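Q: Please take a close look at one part of this structure, the open sheet, and describe how its strands are arranged and what surrounds them. A formal, connected account would be appreciated.

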Amino acid sequence: MTNEEIKNHLIEMGRAAGAVAIGVAGAGRVDEEVCLAYERFLCEKRHFSMGYLENYREIRFNPLNLFTPPADTGSVVSFAFPYYHEGTNPLFARYAQGEDYHKSLRRRLKPLARYITEATGCRARICVDTAPILERYWAVQAGIGFIGRNHCLIVPGTGSYIFLAEIVTELPLPHDHPCKESCRDCGRCTDACPGGALRSPEFDCSLCLSCLTIEHRGPLSHPLPGRCIYGCDVCQAVCPHNAVPAPGLPEFRPTDKISGLTPLGIRHLSEEDYSAIFKSSAITRCPLPRLLRNLDMLQYSR
C-alpha cells in the first residue's frame, strides 16, 4: 500500500472508532514563535503551580523525541472525540463524568497504532493527554480545528466538547493543510469566565477554575466563584460554536453515581465511597481531600 492509501485507511479506522475529526501534520520541531511564547509563559509564571509544564521541553518542541532513539521524520495524526452529554452534574466538568478518557481513547486507538506498525514496520505511539506534546498546536497543524479565545480547540461544525488524542509515528504520511479559521473573538467567554482568566490575551492559570480545582495542590487563598468543584465548563457553555454540540461517545455518559451527588453527599463521603464512585473516572486526579477543599471554598455555598 502507498502512504496515501495507509492514511486513508487510518482515517476510515478513526471514524469507525468514533472520531469526529482526523488530520495529519508533518512531525518535527514546532514553529519557533510557538516555542518562544511557551518559554515566555513559563518565565512569567503564568503556569502557576503546574511545575510539570517546565519538564520535557525537548519533547514539547519536537514530538519525534518521544521515540528512543528519536525519529528523523514522521507524522502526528490528530483525532477529536466528542464527549458532550445532557444531564451532567454541575459540580463537575462534563468531560469527567463518564469513563476515564485516557483509558477509553487509548483502547479505541490501539488498533490504528498496531496497523501502522504491522503494515510498515514504523514505530507509533498513542498520546491521550499522557505525553508532553502541544496537542492543540498539532491539531491546528493537522487541520482539524483552531484555538479559540477560550484557549480550547474548536472543531468547525462540532465545537469544543471534544477530547484530543494523537498517534505520533515515524511514518511520513501525506500532510493536511493547517486550519486557518478563527473564533472571531466574540467576547462571550471572556465576559463569562468566573475567575477572569481570559480578560488578558496572556492566559493566567492562577485565575482558571480548572487549574485551581484540579491541578493546584496547595490551599486556596480566595473563594471559588461558580458552582464546580472539579474543573469548569463556563467558557465552553457560552461559546456559539457549541450551540449544537456533537453527541458524546456512550462511555462518556455521566454515571448514575456521579449524577446523583450533592454537596452534602460529598461532605459525607468516605475514602471507600470516593473510590467506588470515581474509580473509573478522570476525577480521581483530584483526591477526596482536595474535592472537599474545593467544596469548602465554593463561593455560592457560603
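A: In this predicted model, a convenient place to begin is a single bridge: Ile126 has Ile167, in E6, as its bridge partner. The strands concerned, E3 and E6, pair in the antiparallel sense, and four bridges join them. Helix H4 packs on the sheet, where it touches E2, E3 and E6, and the direction of H4 makes about 30 degrees with that of E6. Helix H1 lies across E1 and E2 and runs at about 145 degrees to E1.

The sheet as a whole is open and has four strands, in the order E1-E2-E6-E3, with antiparallel pairing. Because E1 and strand E3 (124–127) each have a single partner strand, they stand at the edges, and one side of each is left without a neighbour in the sheet. From one strand to the next, the twist averages 20 degrees. In general, strands of a sheet pair through backbone hydrogen bonds, either parallel or antiparallel.

The nonpolar interior comes next. The largest nonpolar core holds 58 residues, and those that touch the most other members are Phe79, Phe81, Phe92, Tyr95, Tyr230, Phe278 and Leu291. Strand E1 (21–26), strand E2 (75–82) and strand E6 (162–169) are among the elements that give two or more residues to this core, as are helix H1 (3–16), H4, H7, H11 and H12. The largest share, seven residues, comes from H4. Leu291 illustrates the packing: with its neighbours within four places in sequence left aside, Leu291 is in contact with Phe92, Ile229, Tyr230, Tyr274, Phe278, Ile283 and Cys286. Apart from this core lies another, of 34 residues, which includes Val30, Leu64, Ala142 and Cys235.

Charged side chains add further links, and the structure holds 11 salt bridges. One of them involves H4: Arg108 forms a salt bridge with Glu251, with the closest N and O atoms 2.7 Å apart. This pair links distant parts of the chain, since Arg108 is in helix H4 (residues 101–120) and Glu251 is in the loop between helix H8 (234–237) and helix H9 (256–259), 143 residues apart. Arg108 is partly exposed, with a relative accessible area of 21%, whereas Glu251 is buried, at 14%.

Helix H7, another contributor to the largest core, also takes part in a salt bridge, in which the side chains of Glu215 and Arg285 meet at 2.8 Å, N to O. Glu215 lies in helix H7 (residues 209–215) and Arg285 in the loop between helix H11 (271–278) and helix H12 (288–296), so this pair ties together parts that are 70 residues apart in sequence. Glu215 counts as buried, at 18% relative accessibility, while Arg285 is partly exposed, with a relative accessible area of 45%.

A further salt bridge joins Arg46 to Glu44, the closest N and O atoms being 2.7 Å apart. Arg46 is buried, with a relative accessible area of 10%, and Glu44 is partly exposed, at 43%. Both residues belong to a network of salt bridges that links Glu44, Arg46 and Glu202.

Notes:
Residues numbered from 1 in each chain as written. Predicted model: local features only at pLDDT ≥ 70, side-chain atom pairs only at ≥ 80, totals over all residues. Heavy atoms only, no water. Salt bridge = Lys/Arg side-chain N within 4 Å of Asp/Glu carboxyl O. Buried < 20%, exposed > 50% of the residue type's maximum accessible area, 1.4 Å probe, protein only. Core = buried A, V, L, I, M, F, W, Y, C linked by side-chain atoms within 4.5 Å. Contact = heavy atoms within 4.5 Å. Pairing = 2+ DSSP bridges. Axes fitted to C-alpha atoms, helices over the stretch in contact; angles between N-to-C directions.
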